[in-house]
Amino acid sequence: MIDIAKIKRQLKTSIFGKYIYHLPEIDSTNSYAQRLAHEGAPEGTIVITDFQTKGRGRQIRKWESSKESNILMSLILRPSLKIEHVIKITLATADILISSLEKILQKSRHDHIRFTVKWPNDILANGKKIGGILTESSLRDKEVVFVIVGLGLNVNQDLSELSSKTRDIATSLCHETQENFERESIAAEIISSFEKKYFYLERTDYADVIGDWKKHCACDGQAIAVETHTGTETGYYVDINDNGALIYRTENGLEKELISGSIKYI
Ligand code: BTN
């Protein structure tokens, strides 16, 4: 079981992780964090579990994770942001996760792994998915009351325990390095980096988010399949705009913008 005292000892934060709720098993840390936030839990409250029975991904997908193997956590935020800018928190979280992973692997001298981001929030290690972010907001009169940032990171995941569909596209730190990692120090690193970056973003009005995100995205001109609720279209990755929306070019040369959806590299 993950040791919360061990995480707390390694935190370099002022408010994030002051309250950590640890449930050995839960439906979804995001759902639990939502319930806490509705009851008034303060910013920086964190929910961590060792196993989710209904782990959720974006677009009604499931998030698979074996028991006591990975990082499954949700952070409660109460940002002063308009709803259309909440995507910036998701994009910033991808940057935070990648920077944390690079730092951790440098320490263990496994710096040959290349971490990238796939729009909007898939974290890839050597081209395979190692982590995901599920951001959910609660609104009152169009104002953001709270945001839940859910993070799933495959740390010691044995790929053979995943469904065949997931196994083909996923990886884990231990699969890439052939080493097991201490989940507590990774969680502490992510939470500490998160607080530092989040406070900085609030002070600077989220100005650097898009530029920082682009540094991790090596996909200019990449052939993609764009999946929306209306269907799939193939084209080429062009950029993301200032609102975090994807810009892509269709097969017949038309430039299009996608605010919400997902892409596959083809
Ligand atoms: C995605 O890539 O589709 C997002 C995956 C997010 C998974 C995490 S695991 C912790 C938190 N609780 C959930 O139910 N989902 C997020």
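These exercises work through a predicted model of a protein chain with a ligand.

**Exercise 1. The fold in outline**

Task: State which secondary structure elements the protein chain has, then judge its compactness from the radius of gyration.

Solution:
- Step 1. Start with the elements. The protein chain has 7 helices and 12 strands.
- Step 2. Turn to compactness. The radius of gyration is 18 Å, and the globule rule gives 18 Å for 266 residues, so the chain is as compact as a globular protein of that length.
- Step 3. Add the outer dimensions. Along the principal axes, the C-alpha atoms fill a box of roughly 55 × 50 × 30 Å.

**Exercise 2. The shell around the ligand**

Task: Find where the ligand sits, and say which elements and residue classes make up the shell around it.

Solution:
- Step 1. Locate the site. The ligand takes up the space of the largest pocket.
- Step 2. List the elements. At least two shell residues come from each of α2 (29–38), β3 (71–77), β6 (128–140) and β7 (143–153).
- Step 3. Pick the main contributor. β6 gives the largest share, 4 residues.
- Step 4. Sort by class. The shell has 10 polar, 6 nonpolar and 4 charged residues.

**Exercise 3. Contacts with the ligand**

Task: Name the residues that come nearest to the ligand, then work out which atoms of Gln52, Arg58 and Lys129 pair with ligand atoms.

Solution:
- Step 1. Narrow the field. Of the 20 residues around the ligand, the nearest are Ser28, Gln52, Arg56, Arg58 and Lys129.
- Step 2. Set the cut-off. A polar contact needs a pair of N or O atoms within 3.5 Å.
- Step 3. Take Gln52. One of its polar side-chain atoms is 2.9 Å from a ligand nitrogen.
- Step 4. Take Arg58. Here a polar backbone atom lies 2.7 Å from a ligand oxygen.
- Step 5. Take Lys129. An N or O atom of its side chain is 2.5 Å from an oxygen atom of the ligand.
- Step 6. Check the cover. On its own the ligand has 420 Å² of accessible area, and the protein covers 98% of that.

**Exercise 4. Two backbone details**

Task: Find which residues a cis peptide bond joins, and place Pro120 and Gln59 in their loops.

Solution:
- Step 1. Look at omega. The bond between Trp119 and Pro120 is cis, with omega about -5°.
- Step 2. Place Pro120. This residue is in the loop between β4 (115–118) and β5 (122–125).
- Step 3. Look at phi. Gln59 is not a glycine, yet its phi is positive, near 55°.
- Step 4. Place Gln59. This residue belongs to the loop between β2 (46–49) and β3.

How values were computed. Residues numbered from 1 in each chain as written. Predicted model: local features only at pLDDT ≥ 70, side-chain atom pairs only at ≥ 80, totals over all residues. Heavy atoms only, no water. Near = heavy atom within 4 Å. Polar contact = N/O pair within 3.5 Å; in protein donor to acceptor, adjacent residues only side chain to side chain. Areas by Shrake-Rupley, 256 points an atom, 1.4 Å probe, with all protein chains shown as cover. 1 Å grid on protein atoms, 1.4 Å probe; cavity = no way out; pocket = protein on both sides within 12 Å on 5 of 7 lines; lining within 4 Å. Sits in = over half its atoms within 2 Å of the grid points. Nonpolar A, V, L, I, M, F, W, Y, C, P; charged D, E, K, R; others polar. Rg over C-alpha atoms; globule rule 2.2 N^0.38 Å.
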